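Please work through the exercises below with the sequence and the 3D view side by side, trying each task before reading its solution.

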Amino acid sequence: MQPTTKLKWAKFIMFFAAVYNIFWGAVISSYPQTILFGNPPTDFLLIILRCVGMLIGVYGIAYYFASLNPTAYWPLIFVGWLGKLLGPFGSVYYIMQGKLTPAFLWVNLWNDIIWLYPFGWIIYATFKGQLSTSKEYAGNKSLYQKFLGDAYEDLAPNLHAFHQAQTSTRALGQFKVTRGKGLINDLFGKIAQLPQSSEAAEAELILTPFANNEVWSRRLDSKRVISKQWMDGDLLVERFKIINIYLSAEVLGGTLVIYDVAATVLGISLPPFFTPTVLAIGKDSGDSVHVNVEIAFKPFGRIINYQGTVKVCQ
């Protein structure tokens with residue numbers, strides 16, 4: 001499994017854990033008798049269980065932040081894993097003391113035991129560097145110089161110059177635009193304000209660099225799409241309205257290949273099998289750059305494809 005795929009699963013596992021904990025915490029706080037399993041419902045025990053429910057829900061908030069960047073928030077994941085490891089031991093001890101009925105182990109099964117492996121896997125993969133696509137970079141460089149690291153120097157000349165720009169840069173050309181079909185794909189297209197299909201759409205690209213980000217303004221005929229790009233750890237993030245797409249890249253024979261790693265909507269991580277995907281390819285073509293961008297949505301297919309050649313205006 002590639003690091004990018006592993007990172008997608010790590011994000012999804014932690015997001016699912018966040019939803020589970022918040023839901024289960026709310027249930028226990030509201031109906032603590034749900035997990036008594038025949039144990040005496042004393043007032044003191046019900047109060048304690050409500051407090052436990054509150055703590056479980058708070059863990060859900062921590063897991064949500066961990067889902068955004070598992071490698072950065074691994075200590076939160078470790079604390080959760082440690083609690084899930086020790087919890088069943090406490091239950092077994094009190095069952096042996098006759099303070100709890102054996103049926104209480106069902107709580108440990110669903111709240112602790114089944115989570116030990118996925119949490120442990122994320123921690124192990126983090127320390128082994130299996131969730132990282134990190135690249136070395138330093139100095140006062142452009143966003144893509146930082147993002148690509150040493151591989152930046154392997155870019156073909158036109159791409160190299162374009163992504164090195166320190167001031168606003170404009171490129172013009174013509175693209176063939178193909179929109180996907182279907183209700184869901186059309187919805188994403190409308191949210192991102194994407195253009196309709198066209199055999200020869202006039203294309204304008206304006207890249208405006210700032211200290212820590214870049215603003216990309218793309219116009220296809222009369223439709224303009226504006227996005228913002230910045231780095232989050234060793235990944236590139238591109239925001240379209242409420243959608244953030246996390247990207248990685250490779251340089252192959254001078255060609256720049258950018259692809260998705262994960263995506264969020266309103267900050268909520270999407271599972272790997274239900275997420276917008278991006279494949280963007282840029283390569284030199286004479287004194288211009290040929291661009292081919294495919295944006296899709298699993299499992300519904302293409303949202304939009306646009307491809308063509310643009311040339312930087314002097």
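The exercises that follow concern a predicted model, and each task comes with a worked solution.

**Exercise 1. Decide whether Asn69 is buried or exposed, and state where it sits and what it touches.**

Solution. Begin with the position along the chain: Asn69 belongs to the loop that runs between helix H2 (43–68) and helix H3 (74–96). Next, take its relative accessibility, which is 16%; since buried means under 20% relative accessible area, Asn69 counts as buried. Finally, setting aside the neighbours within four places in sequence, one finds Asn69 in contact with Lys11 and Asp232.

**Exercise 2. Describe the nonpolar surface patch, and find which element gives the most to it.**

Solution. The patch covers about 1,100 Å², and the residues that make it include Met54, Leu55, Trp74, Phe78 and Phe127. Sorting the members by element shows that H2 and H3 are the ones that give two or more residues, and that H3 gives the most, with six residues. As one example of a member, consider Met54, which has its place in helix H2 and which counts as partly exposed because its relative accessibility is 49%.

**Exercise 3. Locate the largest pocket by its lining, and give its volume.**

Solution. The volume of the largest pocket is about 710 Å³. Its lining is made up of 29 residues, and those nearest the centre are Val52, Ile56, Gly87, Asn108 and Asp112. Two or more lining residues come from each of helix H1 (3–30), H2, H3 and helix H4 (105–127).

**Exercise 4. Characterise the surroundings of Ile243, and say how far its C-alpha atom is from that of Phe119.**

Solution. Ile243 is found in strand E6, which spans residues 243–252. With a relative accessibility of 6%, Ile243 counts as buried. Apart from neighbours within four places in sequence, its contacts are Phe188, Ile191, Glu238, Thr264, Val265 and Pro276. Phe119 lies 124 residues away from Ile243 along the chain, and the C-alpha atoms of the two are separated by 27 Å.

**Exercise 5. State how many salt bridges the whole structure has, and examine the one between Lys8 and Asp260.**

Solution. A search of the whole structure gives eight salt bridges. In the pair named here, the side chains of Lys8 and Asp260 meet with an N to O distance of 3.1 Å. Lys8 lies in helix H1 and Asp260 in strand E7 (residues 255–265), so that distant parts of the chain, 252 residues apart, are linked. Both Lys8 and Asp260 are buried.

**Exercise 6. Follow the salt bridges of Arg219 and Glu204, and find which network they belong to.**

Solution. Start with Arg219, which forms a salt bridge with Glu202, the closest N and O atoms being 2.8 Å apart. Because Arg219 lies in strand E3 (residues 213–220) and Glu202 in strand E2 (residues 198–209), the pair ties together parts that are 17 residues apart in sequence. Arg219 is buried, at 17% relative accessible area, whereas Glu202 is partly exposed, at 44%.

Now turn to Glu204 and Arg224, whose salt bridge has its closest N and O atoms 2.7 Å apart. Here Glu204 is in strand E2 and Arg224 in strand E4 (residues 223–232), and the two are 20 residues apart. Glu204 counts as buried at 9% relative accessibility, while Arg224 is partly exposed at 32%. As a last step, salt bridges that share partners join Arg170, Glu202, Glu204, Arg219 and Arg224 into one network.

Technical notes. Residues are numbered from 1 along each chain as its sequence is written. This is a predicted model: local features need pLDDT of at least 70, side-chain atom pairs count only at pLDDT 80 or more; totals for chains, interfaces and linings use all residues. Side-chain values use heavy atoms; hydrogens and water are left out. Helices (H or I, at least four residues) and strands (E, at least two) are DSSP runs, numbered from the N terminus. Buried means under 20% relative accessible area, exposed over 50%, partly exposed in between (1.4 Å probe, protein chains only). Contact means heavy atoms within 4.5 Å. Patches are made of residues with over 30% relative accessible area and no salt bridge: like charges are joined within 9 Å, nonpolar side chains (Val, Leu, Ile, Met, Phe, Trp, Tyr) within 5 Å. Accessible areas come from the Shrake-Rupley method with a 1.4 Å probe; for residues, only the protein chains shown count as cover. A salt bridge is a side-chain nitrogen of Lys or Arg within 4 Å of a carboxyl oxygen of Asp or Glu. On a 1 Å grid over the protein atoms alone, a cavity is a set of points where a 1.4 Å probe fits but cannot get out, and a pocket is an open set with protein on both sides within 12 Å along at least five of seven lines; lining residues have an atom within 4 Å of a point. Grid points are joined across faces, edges and corners, and a volume is the space filled by probe spheres set on the points.
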